[in-house]
Amino acid sequence: MIKKKKANLVPKENIDVKEPIQTKPVSISTNEIQNTLPVLPLKDIVIFPYMVYPILAGRDSSIRAINKASEDENKYIFLVTQKDGSVEETTIDNLYKTGVIAKILQVIRLPNGLMKILVDAVVAAKVVNYYKDDFLYADLDIKYEHNVPDAQLDMLAARASKLFSDYVKLNPSLTKDTFSSYEVLKDYDRKLYFIASTLSVNIFDKQKLLDIESMYDKFFELITLLVAETQVLKIEKEIETKVQASMQKNQRKFIVQEQIRILQDELGGSAELDPDLMKLKKLIEEADMPEAVKAKAKEEFEKLRKTPSMSPDFSVSRNYLEWMTSVPWNIFTEDNYDLDNAKKILDTDHFGLEKPKDRILELLAVLKLLKDKNIKKPPKGQILCFVGPPGVGKTSLGKSIARALNRKFARLSIGGVKDEAEIRGHRRTYIGSMPGRIIQAMKKAGTSNPVILIDEIDKMGNDYRGDPASAMLEVLDPEQNNTFNDHYLDIDYDLSNVLFITTANVQYNIPLALQDRMEIIEMRSYLDFEKIQIAKNHILGKEIAEHGLDKDEVKFPDDVILKVIREYTREAGVRNLERELSSIIRKTAKDKLISGGKKKKIEVSAELVEKYLGVPKYEDIDTKKDDKTKIGSVYGLAWTSMGGEILNIDVTVMKGTAKITLTGKLGDVMKESAIAGLSYIKSNAKAYGIPDNYFKDKEVHIHVPEGAIPKDGPSAGITMVMAMLSAITSTPVRTDTAMTGEITLRGNVLPIGGLNEKLLAAVRSGIKRVLIPKDNEKNLIEIPKDITSKLEIITVSKIEDAIVHLFNRKQLSFKKKSK
């Protein structure tokens, strides 16, 4: 095998790479070359006829082949390229079929056992058969070229010559002498092989050229390669030219800037000739920064002035100073503490929400008194947190507060934020660093006393990058936020004049430390009559105008709006209501155009609603259904982040292994409530007339429909106990009653949360009677009369108390099912 020489190392390749030497024409006798010759495999190179190459051989089989060829008087050997150059011990299948017959001109034996030979490639040949002994040899079909004058070959050769001339000019690794050597050649094959040996293409393309037998086809393939390589070299030349021009421009700019810097140092730094830097310095002077901040900004500016613009530090310092000058330092809007004006704005923007509105007016009153007494320290508890389901007006209430106070408003959502740097900012050592969202909100507001609404504060996370909730403590704590330190600015920033308002869907998801710094204001779901007023006063007018209609062209009676509310949008807020009303208006506009404008005024009816919105999505619970069919099925009340919901808990008892099966995607707490409920029933089986051995071969299955929706919480405990008792004793339950309450193993009913939302869900669903824990009776004072007046609310302290109201009997009796 052939190996390539590498400096002072055992050779790894076949060929000692040097520019091939074009030989003079020699006369070859057809009888001089034998048809069977030794084979010398080559790696990673293709040798063409008429070229002289030095070769370094190191493998035993290669040296034996050279020795065998040298013994012959003519010293011919067959050179062929390996298909895979990485194979050391090559096989016959790894060799191409076409190669060149070369004459060994010189043999030099080296001290390390290697052999260096100089060969003169004479003619191309194709292998008929390979043979293997101590070395490879092959039967050959010699491909002699006949250079007969031909007009088409003349044209092809001329085209190839023109392309080769361009190639030599564009290729920096070739000298002008290369083309001079080419021009003296006359024969077609010599011209072709000279160009082919000079091209910097891969061995596959070169081997393909050698394999082609027709001289015409060879020239066509050569021209294709020349065109492709010339285009590549032209592109490389263009890129290099552009790079050189850019480098020269940057070098010139650097030299000029260095000269300017030296002149500035000589003049004492008073001559900032760069207009951008002069503008930046002016902004620093006009920013009205505190003295300590201004000193830091000037120090950074001096550093920037002496930094070359090509340096990465230049853009870092410049961005930093731009942030320093764009953040408001001492810009305040005049507050409007007119309570009558504030009340008018709040009432105009929102219907209902009396408790949140009263708290906002109280805050404005306190701020006015503090201002009158020239007390700048903000009152404690001024940070309000609106907690409630989606769509009840939490965010829009924040906008109304800003409008009432005549302050700028900025909103930022931190739901899903897991990186502390999102709040505090990134340190300037990081690429792409920037201030945190608080400083960004201050820049957006443009004043030092805006109203900043922080949305979704209950949905922050944490991971290895830090705890954003802990960073938020400094923002919302009145004792600390006057020296809030953003990592990017690396200076203290005063947030004490900012009125922060936060929103959340679930209070218990807010970290306790944050809850301690805020006043929680619960915002309940809207009642049906409130939604009607919101639709009439806030939604319809806006939607009609946005759809290109006049207010007089579309009329929505109250009963139609109520139908949409109850049958299509059972929700806590009004977002789906707005969406459905928008759909009706959109379809109304389409009908108006289809009728050619004949319908000047359209009054939406119940029939039109069903035509436009389809089949109703919701319906009230059928409280008049026959009680006998309601065995083992009880309604419960649940609270979610989306508001109150009705749960229909079904229980069935069957023969099988003594166990309890729970389905409906229940959470761990709900599963534990079911197990506790069954344990209570087993321990009190005698009181309910249940035989002692009843549960020995009974499987109790509890299922909560809408199985794709996760459900959890302890308040369904009493509901599951009642459903199990109904199924076990075969006693029907009242269909107009729902309940909520946590249970203990002793049968006590414990208080629950979210009572307002649960009772509202009962009203929305058509429930008439509700059982709640006795300890929640005190919370009924805070429930609006519009809710309590529509329900018969019964308080229970023990499970036994609920039996009377649900089963219409004081004591349950076990009924054995007929076979």
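In this predicted model, strand 18 (residues 633–640) runs parallel to strand 22 (residues 737–739), and the two are joined over two bridges. Glycine 636 has methionine 739 of strand 22 as its bridge partner. Both strands belong to an open sheet of seven strands with mixed pairing, in the order 20-21-19-18-22-25-26. Strand 20 (659–663) and strand 26 (792–796) each have a single partner strand, so these edge strands keep one side without a neighbour in the sheet. On average, and with direction ignored, neighbouring strands here are turned by 30° against each other.

Two helices can be followed as they pack on this sheet. Helix 21 (residues 668–683) touches strand 19 (643–655), strand 20 and strand 21 (698–703), and its direction makes about 150° with that of strand 20. Helix 22 (residues 717–729) touches strands 18, 19, 21, 22 and 26, with its direction at about 30° to that of strand 19.

Turning to the nonpolar interior, the largest core holds 55 residues, of which Leu79, Phe164, Phe219, Leu222 and Leu226 touch the most other members. Helix 2 (residues 151–170) gives the most to this core, contributing nine residues. Beyond its neighbours within four places in sequence, phenylalanine 164 contacts Thr178, Phe179, Tyr182, Phe194, Ile195, Thr198 and Leu226.

One of these partners, tyrosine 182, lies in helix 3 (residues 176–183). Its relative accessibility is 1%, and tyrosine 182 therefore counts as buried. Although 18 residues separate tyrosine 182 from phenylalanine 164 along the chain, their C-alpha atoms are 9.4 Å apart. With residues up to four places away in sequence set aside, tyrosine 182 touches Ala157, Ser161, Phe164, Lys191, Phe194 and Ile195.

How values were computed. Residues are numbered from 1 along each chain as its sequence is written. This is a predicted model: local features need pLDDT of at least 70, side-chain atom pairs count only at pLDDT 80 or more; totals for chains, interfaces and linings use all residues. Side-chain values use heavy atoms; hydrogens and water are left out. A nonpolar core is a set of buried Ala, Val, Leu, Ile, Met, Phe, Trp, Tyr and Cys residues joined through side-chain atoms within 4.5 Å. Buried means under 20% relative accessible area, exposed over 50%, partly exposed in between (1.4 Å probe, protein chains only). Helices (H or I, at least four residues) and strands (E, at least two) are DSSP runs, numbered from the N terminus. Contact means heavy atoms within 4.5 Å. Two strands pair if DSSP finds at least two bridges between them. Axes are lines fitted to C-alpha atoms, for helices over the stretch in contact, and angles run from 0 to 180 degrees between N-to-C directions.
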